[in-house]
Amino acid sequence: MNILRFITAGSVDDGKSTLIGRLLYDSKSILADQLEALEQQSKNKNDDGIDLAILTDGLRAEREQGITIDVAYRYFSTDKRKFIIADAPGHIQYTRNMITGASNSDLIILLVDARNGVTEQTRRHSIIASLLHIPEVVVAVNKMDLVGYDQKVFDNIKKEYEGIAKQLNLKQIHYFPISAFVGDNIVNTTSTMPWYQGDSLLHFLERVQINSHPYDKPRFQVQYVIRPQTEELHDYRGYAGQVLSGTYTKGDTLTILPQGVTTSLSRIEVDGKEVEEVQAGTPAVLHISDDIDISRGDYLVKADSEPHIEQTLEATLCWMDRRELQEGSRYLLQQRARLSKVIVKEIIYKIDVNTLAQDTESKSVKLNEIAKVQLKAASPLVYDPFEENPPMGSAILIDETSNATVAGVLINEF
């Protein structure tokens, strides 16, 4: 069975943790001892029955406050598919945690409280979904039981979000009226909303199709150079890493970047066995036919499909630090195993999360703000634009003095 990775996002108290708990509970994915502990903790908390949100609220502070702070991951499966769920926090100050969970998701479920409608956090999380090019967006209008299952409420929220989706160029949008607390339209459709004729949320998640590796140009970054230096393996030199995209075949002509040296692929090893071919998503050890100085972070690509190599580039930042980003600031840019010194040459614009307008006058970026900037590196950077090939177009910014991660980086076409 294939795996669907998805994230739940939305404002505080929209019911994200309860939704995940309902999926686990109604699909019978909770073990007997977990259910017993859940029932006991729910009794200690209130007399309203089982509190399904406890299943994902793992931190003590989360259980006490009734909120999600860290990204909680849960795993379950049906007879049709396996699922990895990320439960993201709704508070604005934890937006960076939401970005972490969304960065590896195939689908996002945006919960909207039927009583409150679309909020600032709905827009902010939608912008992040757009920037990360998450292929499928589900808008789940929750707590329909608290508005009398009124179709007009659902239709008004759907109409408002359609305008946001059009502005952000979100393509695959799916709308569900649900009640996570009661269980309406989560695992099974119910008779409480006869005006809704679609699938249940779980049925949709079981059959939605995701193309995990659509980019076909071969990309491989060296994570580790293997040199045993033993009598048995005296001349062994392999380059370990993961195939980020495309396919590598024994005998391919390769270019080593950023050096620009050409060689050929002499051998491929997967799980200690020699193979003729390796595809995207597979960890492998590549061997080349020439003695070339190759280090951790270098790229092995096919000679006829090389990526961009630039010292100046444009990127979209999701700022995660309490200290503001200023023009002229210096940071370390980490692209997986490669670390480069960069300077922020220009803040091109910031995105207003309420109007989605571009503010071109601002010269600083604050915590949780999203901006497009121009970066200049001390040495050439190897990349594909994020919208074409996310593994080659994503990075993080690191503060040189504190080593703190200060921004998620999406490299754009320059």
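How does R207 count by relative accessibility: buried, partly exposed or exposed? In this predicted model, R207 comes out at 43% relative accessibility and so counts as partly exposed. R207 shares a salt bridge with D199, the N to O distance between the two side chains being 2.2 Å. D199 falls into the partly exposed class as well, this time at 24% relative accessibility.

Stepping back to the whole chain, there are 414 residues, and 53% of them are buried. The fold is built with eight helices and 24 strands. Among contacts with a separation of 6 or more, 69% come from residues 24 or more positions apart. About 19400 Å² of the chain is exposed, with carbon and sulfur atoms supplying 44% of that area.

Back to charged pairs: the structure holds 16 salt bridges. As a rule, side chains of opposite charge can pair when their charged atoms come close. One of the bridges joins E314 to K372, at 3.5 Å from N to O. E314 sits in strand β16 (residues 308-319) and K372 in strand β22 (residues 370-383), so this pair ties together parts that are 58 residues apart in sequence. Both partners, E314 and K372, are buried.

Another bridge links R323 with D321, whose closest N and O atoms are 3.5 Å apart. D321 has a relative accessible area of 16%, and since buried means under 20%, D321 counts as buried. Elsewhere, the pairing goes beyond a simple couple: D113, R115 and K143 are linked in a network of salt bridges.

Definitions and conventions. Residues numbered from 1 in each chain as written. Predicted model: local features only at pLDDT ≥ 70, side-chain atom pairs only at ≥ 80, totals over all residues. Heavy atoms only, no water. Helix = DSSP H or I, 4+ residues; strand = E, 2+ residues; numbered from the N terminus. Buried < 20%, exposed > 50% of the residue type's maximum accessible area, 1.4 Å probe, protein only. Contact = heavy atoms within 4.5 Å. Areas by Shrake-Rupley, 256 points an atom, 1.4 Å probe, with all protein chains shown as cover. Salt bridge = Lys/Arg side-chain N within 4 Å of Asp/Glu carboxyl O.
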